[in-house]
Amino acid sequence: MAFQDVIDDYGDGRTGSIVTADGTVGYTISSSADTITRPNTNEGARITADGSETVEIAFDRPVRGVTLKFDRSNQPEIYRIRIDGQDVDIQDLIDSGAATFTTIMAGTDPPEPGTHIIEDGGVTSTGSFDNDSLGFLTLGFAIESVEVFGTGGTGSNWDLIEIGIDSIASAVVCFTAGTEILTPDGPRRVCTLAAGDRVVTQSGAIRTIRMTNARRIGPIALFREPRLLPVRIAAGALGGGLPLRDLTVSRQHRLLVASRIARRICGHEEVMIPAFRLVGLPGIEILRAIGTVHYHHILLDRHEIVLANGAPAETLLVGPVSAEALADELEETMPEVLPRPGLAPMSPARPLPAAHTARRIVAAHRRHGRPRLEMRAQACA
């Protein structure tokens, strides 16, 4: 359901930890609610509509990306939240851009809108409620605690609440399954590569893959969180005839930009810029008409630029977010790249401009109509 990590036991006094975009954070639960399971929820807190059974999660430090999933709401029950001890109006949060709310019907493909709605500052459902409806509230700011409680009903009325971390905060850069990566034996689909296989870098060096990983994002998760949608770079959109065919990557996947514009703005002729920042340039767009996306990434001994459908694109750069998301695999295969006190992090293959600098570079390319791989095209001429 597009949770990066989720709490699975809401017992009073329980402590644990959860993976966030800023690392692992501890939490303590204050609860009068039971933890139960239903078809669309593995383990959730049973919150009653009379306010007698509630749950509060207190984090050890401020946390971004907290998401609440509401399962089985119906009128006239309204489920509200307190953030850092203060009652908040969910509609006000949404109107101000501080939170997002989506509702879907579980098990529908393509996804259909659910019956959850925001009313009187809380979450409820329309008069024609359906127990397969799910509502997702994602907070776009850091919080230290969140409490969920019910109003408008009796102790026999209840909703099932899951609390976790939004997965977009830890999305690992990936290629989609059909991408072809250049190897010493020619192009191979990324989904067929495995640890021990070799790839050819942009410089012509041959490197061995240390680890691969795959992730399936289903239609419900894509509907609920459009930021998980991939970016499509049309054939030739980067300049110099590249990519050779349409290339589709996750939004955070960095591509090489090599141009005089980049050199003029940031002092580096070659820089790496996330795909989503290139959206709007000719031939580069969010791919919205998609049911399920299969993402794959490859990890080498160091951050490298490989040729994906002929275009220069990055391999996995291990930083705090990706290290948390892949901690178990990295501990077994490449513990030396995990961030540890006193050890230098993995170095990027090319400079990574700050967000405002990347926006300036892209804007200048749009304004002047210059290719993104201008210097590469000249070098190959």
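Which residue in strand 14 is the bridge partner of E56? The partner is E147. The notes below take up that pairing and other features of the structure, which is a predicted model.

1. Overall make-up. The chain has 381 residues, and 51% of them count as buried. Its secondary structure comprises 8 helices and 29 strands. Among the contacts with a separation of 6 or more, 71% are between residues 24 or more positions apart. The exposed area of the chain is about 16,100 Å², with carbon and sulfur atoms supplying 47% of it.

2. Nonpolar cores. In soluble globular proteins, nonpolar side chains tend to be buried together. Here the largest nonpolar core holds 39 residues. Those with the most contacts inside this core are F175, I181, I233, I273, L278, I284 and I361. A second core, separate from that one, has 34 residues, including V55, I90, L93 and I118.

3. Surroundings of I284. Residues up to four places away in sequence aside, I284 touches V231, R232, I233, A237, L238, L278 and V279. Of these, I233 and L278 are also listed with I284 among the residues that have the most contacts inside the largest core.

4. Strand 14. This strand spans residues 143-151 and is mostly covered, with 7 of its 9 residues buried. Strand 14 has antiparallel pairings with strand 6 and with strand 8. Strand 6 (residues 55-63) is joined to it by 5 bridges, and the E56 to E147 pair belongs to this side. Strand 8 (residues 78-83) pairs with strand 14 over 6 bridges, and on this side I78 stands opposite T151.

5. A58. This residue also lies in strand 6. Is A58 buried or partly exposed? A58 counts as partly exposed, because its relative accessibility is 31% and the buried class is under 20%. A58 and E144 are 86 residues apart in sequence, yet their C-alpha atoms are 6.0 Å apart in space. Neighbours up to four places away in sequence aside, A58 touches G26, Y27, T28, E144 and S145.

6. Strands 17 and 18. Strand 17 (residues 180-183) and strand 18 (residues 186-189) run antiparallel and are joined by 4 bridges. The connection is a hairpin through 2 residues. T183 stands opposite G186 of strand 18. I181, one of the residues with the most contacts inside the largest core, falls within the residue range of strand 17.

7. E304. The loop between strand 27 (293-299) and strand 28 (305-308) contains E304. Despite the loop position, E304 counts as buried, at 10% relative accessibility. Which side chains make polar contacts with the side chain of E304? One is that of R207, at 2.9 Å, and another is that of R302, also at 2.9 Å. Leaving aside neighbours within four places in sequence, E304 is in contact with T201, R207, A313, E314, T315 and A349.

8. E314. One of the residues in contact with E304 is E314, which is found in strand 29 (residues 311-314). E314 is buried, with a relative accessibility of 0%. A polar atom of the E314 side chain lies 2.8 Å from the backbone nitrogen of R254. E314 and Q202 are 112 residues apart along the chain, and their C-alpha atoms are separated by 9.8 Å.

9. S125. Strand 12 (residues 122-125) contains S125. This serine is buried, with a relative accessible area of 0%. The side chains of S125 and T115 are joined by a polar contact of 2.7 Å. Beyond its neighbours within four places in sequence, S125 is in contact with S73, N74, Q75, T115, H116 and I117.

10. Cysteines. A disulfide is a covalent bond between the sulfur atoms of two cysteines. How many disulfides does a search of the whole structure find? The search finds 0. C174 is buried, with a relative accessible area of 4%, whereas C266 is partly exposed, with a relative accessible area of 24%.

Conventions. Residues are numbered from 1 along each chain as its sequence is written. This is a predicted model: local features need pLDDT of at least 70, side-chain atom pairs count only at pLDDT 80 or more; totals for chains, interfaces and linings use all residues. Side-chain values use heavy atoms; hydrogens and water are left out. A nonpolar core is a set of buried Ala, Val, Leu, Ile, Met, Phe, Trp, Tyr and Cys residues joined through side-chain atoms within 4.5 Å. Buried means under 20% relative accessible area, exposed over 50%, partly exposed in between (1.4 Å probe, protein chains only). Contact means heavy atoms within 4.5 Å. Accessible areas come from the Shrake-Rupley method with a 1.4 Å probe; for residues, only the protein chains shown count as cover. Two strands pair if DSSP finds at least two bridges between them. A polar contact is a pair of N or O atoms within 3.5 Å; within protein, one must be able to donate a hydrogen and the other to accept it, and residues adjacent in sequence count only if both atoms are side-chain atoms. A disulfide is a pair of cysteine sulfur atoms within 2.5 Å.
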